[in-house]
Structure formats: C-alpha cells, structure tokens
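Hi everyone, thanks for coming. Let me put the sequence and the structure up on the screen, and then we can walk through a few residues together.

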Amino acid sequence: EVQLVESGGGLVQPGGSLRLSCAASGFTLFNNYMTWVRQAPGKGLEWVSLIESGGGTTTYADSVKGRFTISRDNSKNTLYLEMNSLKSEDTAVYYCAKGVGAAGNDYWGQGTQVTVSS
C-alpha cells in the first residue's frame, strides 16, 4: 500500500525556517518524480517544487526559488522541503505528492500546516 506521511509543520516567525518531511512507503522515491504542493487559506493548489527520479534534478516555483530546497534521503525513503526566510504568504497546508504537478498526482500525503506569523 502506498503511503505518504508529512511532518514538520508548525508556527514560525517571519524570516524563520522549517523543514518538512514526507515519509514514503509502498514505493521507492528514487524511482519516482515527487512534488510539494501547497494550499493557502481560501486559495487553490499551488505547485511549489519538484525532484525528478534518478539523478534528482530539482525545480521550484518563482515564489520560493532561492528560499526553499527539495531533497530526498534514499536510505530513509523520505522527501524533504527545507524552507528558509519564510514570509507570511508562505502560510499554507503543504502536501507531498507522487507526481509532477499541482493536481492529478497519483498519491498525496495528508498535509501539514505551516503558519508564518509574528
């Protein structure tokens, strides 16, 4: 059974940092494209970042480029999103997903809330 379980969200002040984790089971991260997607209050899904299978080429939305880093630990089969210089507009529920876009992905985690506020 495929499962994605996120953790690491919370309340952080503007300018702070958080690291989100997404533990995968039932499939191998290395062999799959993985995506982080977020949904801010009252808004639609926004694609954040992608890591490709194999070599792990990464891409980012312009809104997070230079501040967020996607990575994976193959030995732990876990996906990460390191978030630095957080802004209030980063407040959202963050989802990891097996796929490439903001929608239509094969599998989704349950989401983890990130709130950026002073």
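Let me start with a question for the room: is tryptophan 108 buried, partly exposed or exposed? Before I answer, please keep in mind that this is a predicted model. Tryptophan 108 has a relative accessible area of 32%, so it is partly exposed.

Now, its partner. The count of aromatic pairs here comes to 1. That pair is tyrosine 95 with tryptophan 108: the ring centres are 6.0 Å apart and the planes sit at 80°. An angle over 60 degrees counts as edge-to-face, so that is what we call this pair. The two rings come from distant parts of the chain, with tyrosine 95 in strand β9, residues 92-98, and tryptophan 108 in strand β10, residues 107-108. They are 13 residues apart. Tyrosine 95, at 18% relative accessibility, counts as buried, because the cut-off for buried is under 20%.

Staying with strand β9, let's turn to the cysteines. There is 1 disulfide by count, and it joins cysteine 22 to cysteine 96, with an S to S distance of 2.0 Å. The torsion about that S-S bond is about 60°, so the disulfide is right-handed. Cysteine 22 belongs to strand β3, residues 18-25, and cysteine 96 to strand β9, so the bond ties together parts that are 74 residues apart in sequence. Cysteine 22 is buried at 0% relative accessibility, and cysteine 96 is buried at 0% too.

Cysteine 22 also leads us to valine 5, in strand β1, residues 3-7. Setting aside neighbours within four places in sequence, valine 5 is in contact with Ser21, Cys22, Ala23 and Gln110. Valine 5 itself is partly exposed, at 43% relative accessible area. And here is tyrosine 95 again: valine 5 and tyrosine 95 are 90 residues apart in sequence, yet 9.2 Å apart in space, C-alpha to C-alpha.

Next, two charged side chains. Lysine 98 lies over the face of phenylalanine 27, at 5.7 Å from the ring centre.

And arginine 67: where is that one found? It is in the loop between β6 (58-60) and β7 (68-73). At 9% relative accessibility, this arginine counts as buried. A polar atom of the arginine 67 side chain lies 2.8 Å from the backbone oxygen of serine 63. Beyond residues up to four places away in sequence, arginine 67 touches Glu82, Met83, Asn84, Ser85, Leu86, Lys87 and Asp90.

That's my tour. Thanks for listening!

Definitions and conventions. Residues numbered from 1 in each chain as written. Predicted model: local features only at pLDDT ≥ 70, side-chain atom pairs only at ≥ 80, totals over all residues. Heavy atoms only, no water. Helix = DSSP H or I, 4+ residues; strand = E, 2+ residues; numbered from the N terminus. Buried < 20%, exposed > 50% of the residue type's maximum accessible area, 1.4 Å probe, protein only. Contact = heavy atoms within 4.5 Å. Phe/Tyr/Trp six-rings, centres within 6.5 Å; stacked < 30°, edge-to-face > 60°. Lys NZ or Arg CZ within 6 Å of the ring centre and 35° of its normal. Polar contact = N/O pair within 3.5 Å; in protein donor to acceptor, adjacent residues only side chain to side chain. Disulfide = S-S within 2.5 Å.
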